[in-house]
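Visitor: Could you pick a single part of this chain and take me through it up close? Feel free to wander outward from there once the details are clear.

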Amino acid sequence: MQNCRNCTKQNLWTSTGNTIKGKREWKCRNCGNIQLEEPPQGLDIPAKVLYFDIETALVKATVFDSGKQWVHWKNIESEPFILCWAATWMHKKTPTIISDCITPARVKKQDDREVLKPLYDLMDAADYIVGHNMRPFDWKMVSGRFYVHGWTAPHDAKIVDTLSLSRRRFRVISHSLDAWLKRRHFDGKDKMEREDWERCIRGEQDALNKMVRYCRDDVKRGSAWARDFQRYVEQATGKLLFK
């Protein structure tokens, strides 16, 4: 079945049970559009590829001693929440960076609902979601926050984790994004100190501004390296990374 002419999604069809001139009628579960099975043919719609990164608040806990230890969940005073995020559409010829940051008032309430809504919409529209350490951290973190807020899951996009791909394909000293940026002669990552995170969870506006700039720079440099890595993988395998 072809893409939906209205929202361009694929594989989200439900049969209406109707047949018109021998052609079955289908309804898109994403937008409700109804169209016939055959026309239009050959829609060449590029995959929507979203690269994003998040920054989270520190976890507060009460413990009896310092050092390496297991901390019971009941000793956690505050769970991590989203301070800010930044994203870009990798499939666009002239990509721009989109971002949002929590307000000082919402930091004090540990309420990241408003800051997450735009990111949810971006993820819901994506065919692929890309990032460094995306699958075990960023994607799981925001998915957990969506569930905490009682939201439905966004569209189930395919996850492309450049950290996982790097580990499968290369043997290098470090697979960190900063290490790859320096090897491939991109600008290195900016530096953030623990004090910056502590100031953020106190709701200091200048610290939050610094944090979102840091996140935007991570996306700018990380997505540039992801495109560079994409070209290498496609040349090596002869297959498109984003179909």
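Guide: Let's start with Lys210, which is partly exposed at 31% relative accessibility (partly exposed is the range between buried, under 20% relative accessible area, and exposed, over 50%, with a 1.4 Å probe and protein chains only). Its side chain meets that of Asp196 in a salt bridge, 3.2 Å from N to O (the rule is a side-chain nitrogen of Lys or Arg within 4 Å of a carboxyl oxygen of Asp or Glu). That pair links distant parts of the chain, with Asp196 in helix H6 and Lys210 in helix H7, 14 residues apart. Asp196 has just 5% relative accessibility and counts as buried. Close by in this tour comes a network: Arg199, Arg202, Glu204 and Asp206 are joined by salt bridges that share partners.

Before going on, a word on what you're looking at. This is a predicted model, so local features need pLDDT of at least 70 and side-chain atom pairs count only at pLDDT 80 or more, while totals for chains, interfaces and linings use all residues. Residues are numbered from 1 along each chain as its sequence is written, and side-chain values use heavy atoms, leaving out hydrogens and water.

Now H6 itself, residues 194-201 (helices are DSSP runs of H or I, at least four residues, and strands are runs of E, at least two, numbered from the N terminus). Asp196 has buried company there: Trp197, Arg199 and Cys200. These buried residues sit on the same side of H6, because they cover an arc of only 160° around the axis (the arc is that of the directions from the helix axis to the C-beta atoms). Look at the face turned away from that side and you find exposed Arg194 and Glu195. What lies over the buried residues? The cover includes strands S4 (49-56) and S7 (82-89), plus helices H1 (104-109) and H7 (205-237), going by contacts, meaning heavy atoms within 4.5 Å. After H6 comes Gly203, with a positive phi near 80°.

Just upstream there's another salt bridge worth a look. Lys191 pairs with Asp178, the closest N and O atoms being 3.7 Å apart. Lys191 lies in the loop between helix H5 (177-183) and H6, and Asp178 lies in H5, so the pair ties together parts 13 residues apart in sequence. The two ends are quite unlike in cover: Lys191 is exposed, with a relative accessible area of 58%, whereas Asp178 is buried at 16%.

H7 also helps cover a second helix, H4. Within H4 (residues 162-169), Thr162, Leu163, Leu165 and Ser166 are buried. They line one face of the helix, because seen down its axis they fall within an arc of 165°. Exposed Arg167 and Arg168 are carried by the face turned away from the buried side. Besides H7, the cover over the buried residues of H4 includes H5 and strands S9 (128-131) and S10 (158-161).

Back at H1, which we met as cover for H6, Arg106 and Asp111 have side chains that meet in a salt bridge at 2.8 Å, N to O. Arg106 is partly exposed at 29% relative accessibility, while Asp111 is buried with a relative accessible area of 17%. By the rule above, the count comes to 13 salt bridges.

For contrast, try Glu25 in strand S2 (residues 23-28). Glu25 is buried yet has no salt bridge, and the nearest side chain of opposite charge, Arg5, is 8.7 Å away. Leaving aside residues up to four places away in sequence, Glu25 touches Ser15, Thr16, Gly17, Asn18, Ile20, Ile34, Gln35 and Leu36.

Finally, zoom out. The chain has seven helices and 10 strands, and its C-alpha trace spans about 75 × 40 × 35 Å along the principal axes. Of its 243 residues, 39% count as buried. Among contacts between residues at least 6 apart in sequence, 67% join residues at least 24 apart.

Definitions and conventions
Lys and Arg count as positive and Asp and Glu as negative; His and the chain ends are not counted.
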